[in-house]
Amino acid sequence: MGNCSNEHRGTSFSASAASLSNPLICSSINTFFFLDKYIFSQVIQDQLNKKVLDSLAEFIKKHGLGCSSDNWRQRAREIPTAALMLGVNVPDHAMTFRSLCNLLQDSVTPFVVSVHAKECAGTFERDPVLVINLTLVCQATLTIRIIGLLQKCTQVFPQRTESLTNSDLPQSLPVVVIFKDFEAFNSQVLQDFILICSRYTQELPFIFIFGIATSPSAIQHRLPHSVSSLLCIEVFHSLSCTQHLASVFDKLILNSQFPFKLSSRVIQVLVGIFLYHDFSVQNFVKGLQFSMLEHFKSQPLSMLCCQKQEALLSAKTLSKKNVERIRHLPSFMRYVETQEPQEQVQLLTNDEHVKEVCQQLLKNLHKYHKNYYPILQCLHSLTSSLPKFPLGKHIRELHVSCIEKNLWETEEYDSALQLLRILAKDELVAALRKCAEILKSTKILQNVLQQLEDFIGRLEALEGKSETTLLEKESRRTKRMNPYEVLRSQVIEFIDSLVREYLTPAELQPLNEVCYYSSSGVLRQRLNVTPRTSIQAALSHPFYYFLKTDAGTISSAAPDLCIVYKLHLECGRLINLYDWLEAFVTVMSAAEDQDTNSEDARFIQAVSEMEFLGFIKSTKQKTDHVARLTWGGC
Amino acid sequence: MSHQKSFQYADLLSVLERVVDIMSAPDQYSYPSVFIYGHRATGKSHVVLSIMKDLELPHASVDCVECVSSGLLFHQVLSAFFGPDAAALLPRCPSLSDFVRLYKQMSSNSPATQTRYIILDRAERMRDMDFSLLPALLRLQELVNDNVTVILLSEIVWEKFRPNTGCFEPLLFHFPDYSKGKSLVQILSWDHHPSYTPELYASYINILLGVFFSVCRDLRELRHLAVLNFSKFCEPLEKGEAKESDIHKLWKNIEPHLQRAMQTVYLREVSSVQWEQQQMDEKEATTLRVLSAHAHIELPYYSKFLLIAAYLASFNPARTDRRFFLKSHGKIRKTNFLKKHEKTSNHLLGPKPFPLDRLMAIFYSVVDSRVAPTASVFSQISSLVTLQLLSQVGHDDQLDSPKYKCSVSLDFILAISRCVCVCVRLLDLLALSLVIQSQVVRQERSLFTAVSNLHLL
């Protein structure tokens, strides 16, 4: 992950720098595109589903190539079927299927067709040699035709089997049909399709893959026994979406190489959308990309949000305007307040000095991130095995609470330490070993690693000494701790000191605004949209959109629709059209010298717009009334 | 079934003899149409097709599932009798008269030296096709004036076919079910394993039938089971713990496995490979991991609540909503609180459709926190519909006030609310609505168990 290909970035940077006049904007744009590409590559190259995909390919190879050996199955006309359990996060499935298709086409067979329930009437032409034409006609009794076409001769329905057996086509290659969303298929169509395929499975080795979002029993719900007995089903489980999210989190958020950071609130919004609404990792990544876009757009200093060397370089060449912007950053102002008075004056007046200090602060920020993540992982590995997970089950929860506030001041942290203080020796040693492993792999914080290994050594050296139970009892009575307990409390204190030193909240770091995107409100407004609320807001406060001040009352200057809307809020379930018109005319006539002739027409148009927006509908109860469709009002 | 039980293998033979009898004089005109019916896997198509093959009779075999239109049927028949060139002469959307005309034309060029047979498998599908097709095919011999016989194969009796305008009555044959005593054992013993003696396999089949015959008579299913479990049966032989003659020991070894396999008859949830793996792993895992063992479905948080709300809306009368979901509901007189038709349990009547507004109202009152009516909440409803957990009633294009039904079971909802419910209130709601219903129908035991489950929580 570390090889962020600096050379490549350098070239692309200079190339586009020539084309864009403003070097600063261009630098942020470049960084943005680079990071965006990085996110994309990380998510696409995801090896998470590799295991299940490989086992699927293995399954297809086994059945496709070795089906002649399995005599019995041939006779029973069973079609090998893989039921792929994907979970309910439907937006993510497309990626899995794409990689599955590619994998199968590369390694097993070129004849892979994937079918979507919605495109049932579509035609699929994937391969020049064999065109499998699946015409799934979604009508009550209509069925599916499979037409195998050879490269030279176009032979239609009844001859296809002969043509295949007579041709020089490698017989053993299976035909894989992927049903992307099994639940959405019309079950009658599916049944007929399976019946027909099973008739020809001797000549044309079919293999099905069902993409199932809910549970395997969906197969039994959709297919009767006479059909499902034609299938030889094997179940494959893909990774759950929470595991997928955790790996994306590890790669993109808990990674010091990735310069763009999210504040705790923003993470909470994104994770909230994931857990509460869709379970979709794709949408999570999109949210991350969006917040990056917002950050680079709204924060001019985001040009400093890149790799360390480049950040230092651009800090050296800060423009006067940007130096001023730095002075106005809240975190920088806090930093200035802590300095000596003389230094304060320097910082507030001398631009060059600010630039130098800024470089130092950026270095510190990078160092903070470098140390932060290993220690966070260590703490998580220590606390994730505790009962009831006082600091959260997932590392993301721990991360959120760490960057939000001082972790050591929370109750949860106290209770976690309490639990750590009563760990048995072997548990403690195992946990510390895990921490040592984490630190070893990162190759920083060597002194911490040394101390940890020292503790582990001392703990192991205790072996055998503290076995005398009688002594222990004695010590308990006198409230004296045995050597293990002494050592354990030392270890816990050491861990506590690490937490206090390295897991400080990000907001306290000077210049954190450069890297951290924190406007969670904007994100929520954009990603978790409420169409009805915004329509109502637009109708009741039109001046918000027209950038004028709102008078609060119903004024005739507002668009007709808004006036009609506000008037209808004062009515009950049924609205008398005439009264409504009268009120409308009154409002309109309050304005000076308006053209009064067109009011009827304007009113009728506004009412029909209201109907179109779904606020009212005509009713049969009373001819001159309309019914309100929204709640509230009188 | 009871009168069919008495059928013996000999009966099947007599049926076969009669079928062959019809085909014995190929140069004479045969009976115009034959209708053969019998349960699944009684060998209808197999018998007919092998007779055709053995006697080398000219025939066209068509599976009616494939025939989206009658044109495809005509096409297949013509190309089987007169070659693909003849079939190519059919117009784009051939009608029955086109077919008859072409057939006549072709058969005058090459008149039948022996009876031609058209075999229509899964003939019950013909009923959904053009209404004139079936009566016409039944007397095709007259229409084309050729020596042709139509054989219809079906699982349904002839009475269900007969069109109300009347038609030519075909010759009926019934293929009886296999009896346990002889025929099933014989048929199943045919595919014995090459490395063991046929006697051993026959005794294995006897054991298998002893366990499964009471629940399953489908030959195909029994065959599947036989193959699945045979390796387990042979295990002691391979280990050298028992000899082939040691039937009792082998029986003791296989019996518990067969009992376990009994739970999954007809489900076909595991392939043979996975079954073998499970048999190997079973020492570690006590319970069988099977498909139908209600695999827990992971749902997003609000989807769970939406589903619970949908369930409540489907199974509670709308009149009771005020009582259940408002904190300060008005007093309701106990005596005629429920109307007479509402006194049958809603669980016996099935889910009722409810409008979207009601679903959302219940949803907002069930969820603890305030939920904004965001677009993603609404999109979750439609994704629940695609997952078949809810089903939309009426047309898909109904934009304003669409109606839904909840199509999941009580167990499923209980499982969901168990993992969502930190709040006791929701459980109370579920319990309350159930109690009210179960007060009315006391004999419905499942509800009581459900309620007691709730109390256990």
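In this predicted model, buried residues account for 49% of the 457 residues of chain B. The secondary structure of chain B amounts to 21 helices and eight strands. Of the contacts in chain B with a separation of 6 or more, 71% are between residues 24 or more positions apart. Chain B exposes about 23,200 Å², and carbon and sulfur atoms supply 54% of that area.

A good place to begin a tour of chain B is a sheet formed by some of its strands. Three strands make up this open sheet, in the order β6-β8-β7 of chain B, and their pairing is antiparallel. Its edges are β6 (354–355) and β7 (390–393) of chain B, each of which pairs on one side only. Four bridges join β7(B) to strand β8 (residues 403–406) of chain B, in the antiparallel sense. In one of the pairings, S391(B) has K405(B) in β8(B) as its bridge partner. Two helices accompany the sheet. Helix α14 (residues 301–315) of chain B packs on the sheet and touches β6, β7 and β8 of chain B; the direction of α14 makes about 95° with that of β8(B). Helix α18 (residues 375–386) of chain B also packs on the sheet, where it touches β7 and β8 of chain B. The direction of α18 makes about 95° with that of β7(B).

Charged side chains come next. Over all chains, the count of salt bridges comes to 17. One of them lies in chain A, where the side chains of K50(A) and D54(A) meet at 3.0 Å, N to O. These two residues are separated by about one helical turn, because they stand four residues apart in helix α3 (residues 50–65) of chain A. K50(A) counts as partly exposed, with 41% relative accessibility, and D54(A) is partly exposed as well, at 31%.

Chain B offers a salt bridge within a helix too. R101(B) pairs with D98(B), and the closest N and O atoms are 3.4 Å apart. Here the residues are three apart in helix α6 (residues 96–109) of chain B, so about one helical turn separates them. The partners sit in unlike surroundings: R101(B) is partly exposed, with a relative accessible area of 44%, whereas D98(B) counts as buried at 16% relative accessibility.

A further salt bridge links R116(B) with D146(B), with 3.0 Å between the closest N and O atoms. R116(B) belongs to strand β3 (residues 116–121) of chain B, while D146(B) is in the loop between α8 (140–144) and β4 (148–154) of chain B; the pair therefore ties together parts that are 30 residues apart in sequence. Both R116(B) and D146(B) are buried. Back in chain A, salt bridges that share partners bring K320(A), E324(A), R327(A) and D351(A) into one network.

The loop between α8 and β4 of chain B also holds N145(B). N145(B) counts as exposed because its relative accessibility is 57%, over the 50% limit for that class. Apart from its neighbours within four places in sequence, N145(B) is in contact with Y29(B) and L140(B). By contrast, 58 Å of space lies between N145(B) and L348(B), C-alpha to C-alpha, and the two are 203 residues apart in sequence.

The backbone of N145(B) also deserves a look. Most residues other than glycine have a negative phi. For N145(B), phi is near 60°, a positive value in a residue other than glycine. L511(A) likewise has a positive phi, near 65°, and is a residue other than glycine. L511(A) lies in the loop between α23 (483–502) and α24 (512–515) of chain A. While N145(B) is exposed, L511(A) is buried, with a relative accessible area of 0%.

The surface of chain A completes this account. There, I535(A), F612(A) and L613(A) form a nonpolar patch, and together they have about 310 Å² of accessible area. One of the three, F612(A), is found in helix α30 (residues 599–613) of chain A. F612(A) counts as exposed because its relative accessibility is 73%.

Technical notes. Residues numbered from 1 in each chain as written. Chains lettered and ligands numbered in written order. Predicted model: local features only at pLDDT ≥ 70, side-chain atom pairs only at ≥ 80, totals over all residues. Heavy atoms only, no water. Pairing = 2+ DSSP bridges. Contact = heavy atoms within 4.5 Å. Axes fitted to C-alpha atoms, helices over the stretch in contact; angles between N-to-C directions. Patch = residues over 30% accessible without salt bridge, like charges linked within 9 Å, V, L, I, M, F, W, Y side chains within 5 Å. Areas by Shrake-Rupley, 256 points an atom, 1.4 Å probe, with all protein chains shown as cover. Salt bridge = Lys/Arg side-chain N within 4 Å of Asp/Glu carboxyl O. Buried < 20%, exposed > 50% of the residue type's maximum accessible area, 1.4 Å probe, protein only.
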